[in-house]
Amino acid sequence: MKKTVFAAGCAFGVALAALAVPCAPAHAQGKSLTLCWAAWDPANALVELGKDFTAKTGIEMKYEFVPWTSYADRFVNELNSHGTLCDVIIGDSQWIGGSAENGHYVKLNDFFDKEHISMDAFIPATVVGYSEWPKNTPNYWALPAMADAVGWTYRKDWFARPELRAEFKQKYGRELEPPKTWDELLQVSKFFSGREIDGKKVYGSYIFTERGSEGITMGVTNALYVYGFEYDDPKKPYHMQGFVNSPGAVKGLEVYKELYKCCQPPGLTNAYMQEGLDAFKSGQVAMQMNWFAFFPGLYKDPNVGGDKIGFFVNPAGPAGDYTQLGGQGISVVSYSKNRDAALQYIKWFAQPAVQQKWWDLGGYSALKAVVEAPGFLKSAPFAPDFLKSMAMVKDFWAEPLYVDLLLDMQKRVHDYVVADQGTAQQALDLLVKDWVKVFKDEGKATQ
Amino acid sequence: MSLTADSTRSLADRVAATTPAPMMRRVRGLSDRSLAWLFIAPVMVLLLAINIFPLIWTIRLSFTNYKSNLPNAALRWIGLANYNDILTDDDIWARMQTTAHFVIWTIVLQVLLGFGLAFLINKKFRGHAFWTTAILLPMMLSPAVVGNFWTFLFQPQIGLFNYVVSFFTGIDPHSFQMIGDVRLAPWTIVLVDTWMWTPYVMLICLAGLRSIPEDIYEAAEVDRASAWRQFWTITVPMVLPFLMLAVLFRGIENFKMFDMVNLLTSGGPGSTTELASITLKREAFEKWRTGYSSAFAIILFVTIFGAANVYVKALKRVKQR
């Protein structure tokens, strides 16, 4: 009996080994690749696009998509712990400094040279924002993958109603049109706020207020930039006094709060992308701040899409035209065991034909060959505004300690805008103090 | 097949007989105390590994500038700087005040309501078992679920809560928001925690009430003590140790409350409901200030450990009376 059991065990072991042998080299050769990103509409487009890569190379694509609220936590932890979950990662633009300096990403300069991938072929702002560290130096850690910026949507059908247009013209002496400045944005928002349309009470505009991750910062910067906020002295890096808390920046923060107070639907005190989409789709707001990445999906929405939706770029302010940069670059994780296959994916993804299909499927290509093609502006109703926005983007700090800087800003801005604590000047003064401390801890001169 | 005393004895004898002589000699050489140590050693090692060592490591880190997202950065010994930063930071004191507000009010409300409910449930009435189960339901839910569904209930446009308030008071349901209002938000988290954990206090009080012997009340009746007097001289003193235990459990639990509040308000609006534990999480796992957050954790630990110790001594005195 014992001999029989032993023999059966041996046979089972041999069978297992026989099964395992062909699998092992397949994995070692990188026949599957895990791509990490956020769980949102463009990720679905990327899955669709990835099928072509699998068909061409035989490499199976696996995906690890995490909701935005835990995206940074999840993947920054993964990188910090030198995890091997992700072979390829579409990481947020602000991670580039930390990921480059801590060796999480593979430096791609040699690979780009070898494969003749030129960064000149991409929109300049995306190269600086997603690929370079240190900024404005030819050190590349990512390929621009998903160009994005903050833009606005509006209810074109409401704006077109003759009675509303007449009332607006009588009240403000101009046509009811998508706002071009933040003053106009406030005016139009107030005009709609509290009004009853189709039997429902509606509100002027939806803006980001989320406290936990990056929401309110990604929203408020759109007002701050156009009123004169600068991260630091252009001539003296990390010198923030008088730039972060300049009179213009204070005014920008006050305007953002005014917009929140007058025109945000009730209850949206801790709201980011999804809440904005919900508010817009359910007909609660006339205008919505959100990322361009969502606009293809909104345009297809059966209730508010098509002829009912319009788009506009972030309105200008006294300091000019700016908008918050979003989007991400695609990088190879240096701890990946499938580095060659990962690089193969980057090479494939950089091809103009693939980039064109990426745009067609709902992703946002940063390749000039796609966005500067003759038919691009007419390829989607939001395409002209997207292109215009990409020429006026500004990004948050991309320092290795960007999380500290971001969370400080989240706190100071939310405390002032939503929780009514202190004045705008006090909020920004405290922010300077917080940031000075972060940079000092990092050993960077701030005075 | 049951083992009789004889058969077990013979089994023990057989095992003893088959034990190799060298091992027998070794075991025979061990004292009872040594054997006791031998048996508890694995548990002690485990405790040292998962409790004591991390605690000592945390204390060590609290004197450094360590950031766990920069593992290769130079580790600097900064003495008491982290402790000094924390104890002189106005924001931290504000968070401690928020935590104190939450802990004190939840305990007061839960004790009053829990004891009241236990007192009522302790009476025999029809449907008694059903109501007991119904009251216990909230504490059986996950804090994550509670946080999420109360978020929906408090939604000022579609949430049920505002409509209920409106129904009873006539206030416009859209005119106020529980989570988004700086004045109401701190009370919102108190309300939800009280809803969830009052049944727990009730359960402990019920155990206390049921432990009071009936004959004490019968003797009081014979002495013509009024119901009010029976309540103050029999019920309250005899339930008091149980009540104090409930206060201890809820106090410790709410001092380190995180999940429910984080899901309900994320510490907002602004930082109005940011409890110490939420600040600690942000410092430790979002800003990755490991040294600083270790110092903060130690301060919180000492605070709660000290308070609990004083309280347990008071509890012992009450029990001895």
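# A walk through two chains

Start by selecting Gly151 in chain A: Gly151(A) stands opposite Asn290(A) in strand E9(A). Strands, here and below, are DSSP runs of E with at least two residues, helices are DSSP runs of H or I with at least four, and both are numbered from the N terminus. What you have open is a predicted model, in which local features need pLDDT of at least 70, side-chain atom pairs count only at pLDDT 80 or more, and totals for chains, interfaces and linings use all residues. Residues are numbered from 1 along each chain as its sequence is written, while chains are lettered from A and ligands numbered from 1 in the order in which they are written.

**Stop 1: the sheet around Gly151**

Now select residues 150-155 and 285-291 of chain A. These are strands E5(A) and E9(A), which run antiparallel and are joined by five bridges. Two strands count as paired if DSSP finds at least two bridges between them. Widen the selection and you will find an open sheet of four strands, in the order E8-E9-E5-E10 (chain A), with mixed pairing. Its edge strands are E8 (203-206) and E10 (309-313) of chain A, each pairing on one side only. From one strand to the next, the twist averages 20°. Axes here are lines fitted to C-alpha atoms, for helices over the stretch in contact, and angles run from 0 to 180 degrees between N-to-C directions.

Which helices lie across these strands? Add residues 273-281: helix H12(A) lies across E5, E8 and E9 of chain A, at about 150° to E9(A). Then add helix H17 (383-390) of chain A, which lies across E5 and E10 of chain A and runs at about 15° to E10(A).

**Stop 2: a second sheet**

Next, select residues 88-92 and 328-332 of chain A. Strands E3(A) and E12(A) pair here in the antiparallel sense, over five bridges. Look for Val88(A), which stands opposite Val332(A) in E12(A). The open sheet has five strands in the order E2-E1-E3-E12-E4 (chain A), and its pairing is mixed. At the edges are E2 (60-66) and E4 (143-146) of chain A, each of which pairs on one side only. Neighbouring strands are turned by 30° against each other on average, direction ignored.

Two helices are worth showing here. Helix H6(A), residues 124-131, lies across E4 and E12 of chain A, running at about 100° to E4(A). Helix H14(A), residues 339-349, packs on the sheet and touches E1 (32-38), E3, E4 and E12 of chain A; its direction makes about 145° with that of E12(A).

**Stop 3: colour chain A by domain**

Try one colour for domain 1 (30-148 + 326-394) and another for domain 2 (150-324 + 401-441) of chain A; the bounds come from an automatic or database domain assignment. The centres of the two domains, taken over C-alpha atoms, are 27 Å apart. Where they meet, 24 residues come from domain 1 of chain A and 23 from domain 2 of chain A. Two residues are in contact if their C-beta atoms, placed from the backbone, lie within 7 Å. H17(A) gives the most to the domain 1 side, with four residues.

**Stop 4: two helix pairs**

Select residues 215-227 and 247-263 of chain A. Helices H10(A) and H11(A) pack at an angle of about 140°, with axes 7 Å apart.

Then move to residues 402-417 and 424-441 of chain A. Here H18(A) and H19(A) pack at about 165°, their axes 9 Å apart. That angle makes H18(A) roughly antiparallel to H19(A), because angles over 145 degrees count as roughly antiparallel. Among the residues of H18(A) that meet H19(A) are Leu405(A), Met409(A) and Tyr416(A), and those of H19(A) include Leu431(A) and Trp435(A).

**Stop 5: bring in chain B**

Finally, show both chains. How many residues of each are in contact? The contact joins 19 residues of chain A to 21 of chain B. H18(A) turns up again, giving the most to the chain A side, with six residues. For chain B, colour domain 1 (1-30) and domain 2 (84-320); their centres, taken over C-alpha atoms, are 54 Å apart.

Definitions and conventions:
Angles under 35 degrees count as roughly parallel, over 145 as roughly antiparallel, 65 to 115 as roughly perpendicular and the rest as oblique.
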